[in-house]
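Subject: The model, and what turned up in it

Hi there,

Here is the structure I promised to pass on. Have a look at it first, and then read on for what I found.

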Amino acid sequence: MPLQRPKGTQDHLPDGSPKLSRDIQASAFAHVQDVARRVLERSGASFIATPLFEEAELVKRGVGGSTDIVRKEMFTVYYFGDHGGYVLRPEGTASIVRAYLQNGLKQLPAPLKLWTHGPMFRAENVQKLRLRQFHQVDYEVLGSTDPLVDAEAIWLMWEVVRELGLTGVRVKLGSIGDPEDRERYNAYLRGLFGAHADRLSDDSKDRLERNPMRILDSKSAGDQALLAELGVKPMLDFLGEDARAHFGAVQAYLREWGVPFDLDPSIVRGLDYYRRTAWELHHEGIGAKSALGGGGRYDGLAEQLGGAAVPGIGWAFGIERVLGALEAEGVAFAQVDGPLLYLAAMDEANVGLAARLALAGRSHGRVEFAYRAMKPGSVFREADRRRARHAAVIGSDEAARGVLNIKNLGTGETREVPVADLNAFLDDLSQQARGTREQA
RNA sequence: GUGGGUUUAGCUCAGUUGGUUAGAGCGCCGCUCUGUGGAAGCGGAGGCCGGGGGUUCAAAUCCCCUAAUCCACCCCA
């Protein structure tokens, strides 16, 4: 048995590979990233990249010591020496805020919009579209508390999935208030459930201590019966005046822009740094956990990392989950183009000529060549398999006359092109290819 | 961390109550095929039946352990 990839990781494979599903198709990954780039950079976001590993302390303080991510899902990297340890990043926000503080990005015009994509790591048990190395597209805005920034962030996330062609996505929107609001609400929940702790499921007894809001979306039938019986008030009833006004403004903008959303009073962010606006995008058909991604405001995070007070808001979605949703909906992508031209020689003496012409043509488009002499039948078979648009067979006659007989594999027509005109011919082809791609 | 399913060729899968040398389709390679393709025919390569242990005259098949994988719980993207 040959060595295998580590549990919870995936290989991203070329089109045409056996066992290829959408969430491991390299070209599909690139497509999602391209669409996100287009949408986000149109909005003024700049690309940023941070290391794949960070100080463990950054993750502990950023994500929060009470979260599952820190308690049991950290990929810790040890090395010689007495260093406290690095961790492979479990999410992108803490790193980006760290980079903002460390590099003086406050100098750039505020609010600063940043985006990135890349792998994230969480050491947990795998299930459908839940991996140990997964990939996110991430958008962050630093330096503004304006609800308009919140609304635009949600709009952008919606716009990315819409441009990707997904139709079955639902936005669940809530507000978890300011920290003091949440404290009051948690105290209320602890009081309410504490009196009936014996009726809670074991998981929820645990939640009562760590994060009582999690009891609200418990899957246990007993918990849900108790919830209904007690008539639990939603978080939104506990919002302070400012948080309430902020949340109202966010909703008003979204309605004005036609972004459909459902108010979800049970929305709870799993990371400690969130406050106020919180939302998730959901899609049925990607398994038990239907979240494509989520986001929220994190005005206290920069201070928590030891920096100046910098308000922020951001979101991330899982690329694998989005690809899973696209597969579930049967959304088709444009296929990656094959070569414009495939060149092959009929005899060994001209193999070098085919190679030289191909290399010279590459500044004008994708050109491939055969590494050994072939019979004409094989040339076209090989050209087809590579999804080439044209193919030319070079024999001693063509070599002597300095021409190519180029066959259009779509129409079957052959035309003679002088070698001197090859580059102009390829230019025409790549312009045509661009044209048809834009139409599609 | 917990529970269930699965594991036979590159891929999708057969394989009878345990019984000789483990099969098919597709894919791959070659030939038919010296001047214009997608085809067909013929041939070929490719398997420690996930790994280890046990029962048996005999194990892909029965038992135990283990790993990987898929799904679910917790939680998250």
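Which strands does helix 1 lie across? Helix 1 (residues 26–42) lies across strand 1, strand 5 (112–121), strand 6 (133–142) and strand 11, and runs at about 165° to strand 5. Please keep in mind that this is a predicted model.

**The sheet**

Those strands belong to an open sheet of eight strands, with mixed pairing and the order 1-5-6-11-10-9-7-8. At its edges stand strand 1 (46–47) and strand 8 (262–263); each has a single partner strand, so one side of each is left without a neighbour in the sheet.

You can follow several of the pairings one by one:

- Strand 6 and strand 11 are antiparallel, with seven bridges between them; L142 is found opposite G312 of strand 11.
- Strand 11 (residues 312–318) is joined to strand 10 by five bridges, again antiparallel, and here G293 has F317 as its bridge partner.
- Strand 10 pairs with strand 9 (residues 275–283) in the antiparallel sense over six bridges, where R275 is matched with R297.
- Strand 9 and strand 7 (residues 169–175) run antiparallel and share seven bridges; the partner of R170 is H282.

Helix 5 (residues 147–164) packs on the sheet too, touching strand 5, strand 6, strand 7, strand 9, strand 10 and strand 11. Its direction makes about 15° with that of strand 11.

**Two covered strands**

Why is strand 10 largely enclosed by the rest of the structure? Seven of the seven residues in strand 10 (residues 291–297) are buried, so the strand is largely enclosed. Strand 11 is mostly covered as well, with seven of its seven residues buried. In a regular strand, side chains alternate between the two faces of the sheet. For strand 11, both faces are covered: G312, G314, A316 and G318 are buried on one side, and I313, W315 and F317 on the other.

**The nonpolar cores**

The largest nonpolar core has 88 residues, and those with the most contacts inside it are L40, F193, W279, W315, F317 and L326. Helix 5 gives the largest share of this core, ten residues. W315 is a good residue to click on: leaving aside neighbours within four places in sequence, its contacts include L40, V137, Y139, L156, V160, W279 and G294. Another core, of 20 residues, lies apart from the largest one, and A358, F369, A392 and I406 are among its members.

**Helix 4**

Helix 4 (residues 93–102) is mostly covered, with seven of its ten residues buried. These are T93, A94, S95, I96, V97, A99 and Y100. What do the buried residues of helix 4 pack against? They pack against strand 2 (53–55), helix 2 (56–63), strand 5, strand 6 and helix 10 (301–304). After helix 4 comes G104, which has a positive phi, near 65°.

**Helices 6 and 7**

One last pair to look at: the axes of helix 6 (residues 179–194) and helix 7 (residues 202–210) come within 10 Å and cross at roughly 145°. Their crossing is left-handed. Helix 6 contributes L189, R190, F193 and G194 to the contact, and helix 7 contributes L208, E209 and R210. By class, that contact has three nonpolar, one polar and three charged residues. F193 also appears in the list of residues with the most contacts inside the largest core.

Happy browsing, and all the best!

Definitions and conventions:
Residues are numbered from 1 along each chain as its sequence is written. Chains are lettered from A and ligands numbered from 1 in the order in which they are written. This is a predicted model: local features need pLDDT of at least 70, side-chain atom pairs count only at pLDDT 80 or more; totals for chains, interfaces and linings use all residues. Side-chain values use heavy atoms; hydrogens and water are left out. Axes are lines fitted to C-alpha atoms, for helices over the stretch in contact, and angles run from 0 to 180 degrees between N-to-C directions. Helices (H or I, at least four residues) and strands (E, at least two) are DSSP runs, numbered from the N terminus. A crossing is left-handed if the near helix is turned anticlockwise from the far one by less than a right angle, and right-handed if clockwise. Contact means heavy atoms within 4.5 Å. Ala, Val, Leu, Ile, Met, Phe, Trp, Tyr, Cys and Pro count as nonpolar, Asp, Glu, Lys and Arg as charged, and the others, Gly among them, as polar. Buried means under 20% relative accessible area, exposed over 50%, partly exposed in between (1.4 Å probe, protein chains only). Two strands pair if DSSP finds at least two bridges between them. A nonpolar core is a set of buried Ala, Val, Leu, Ile, Met, Phe, Trp, Tyr and Cys residues joined through side-chain atoms within 4.5 Å.
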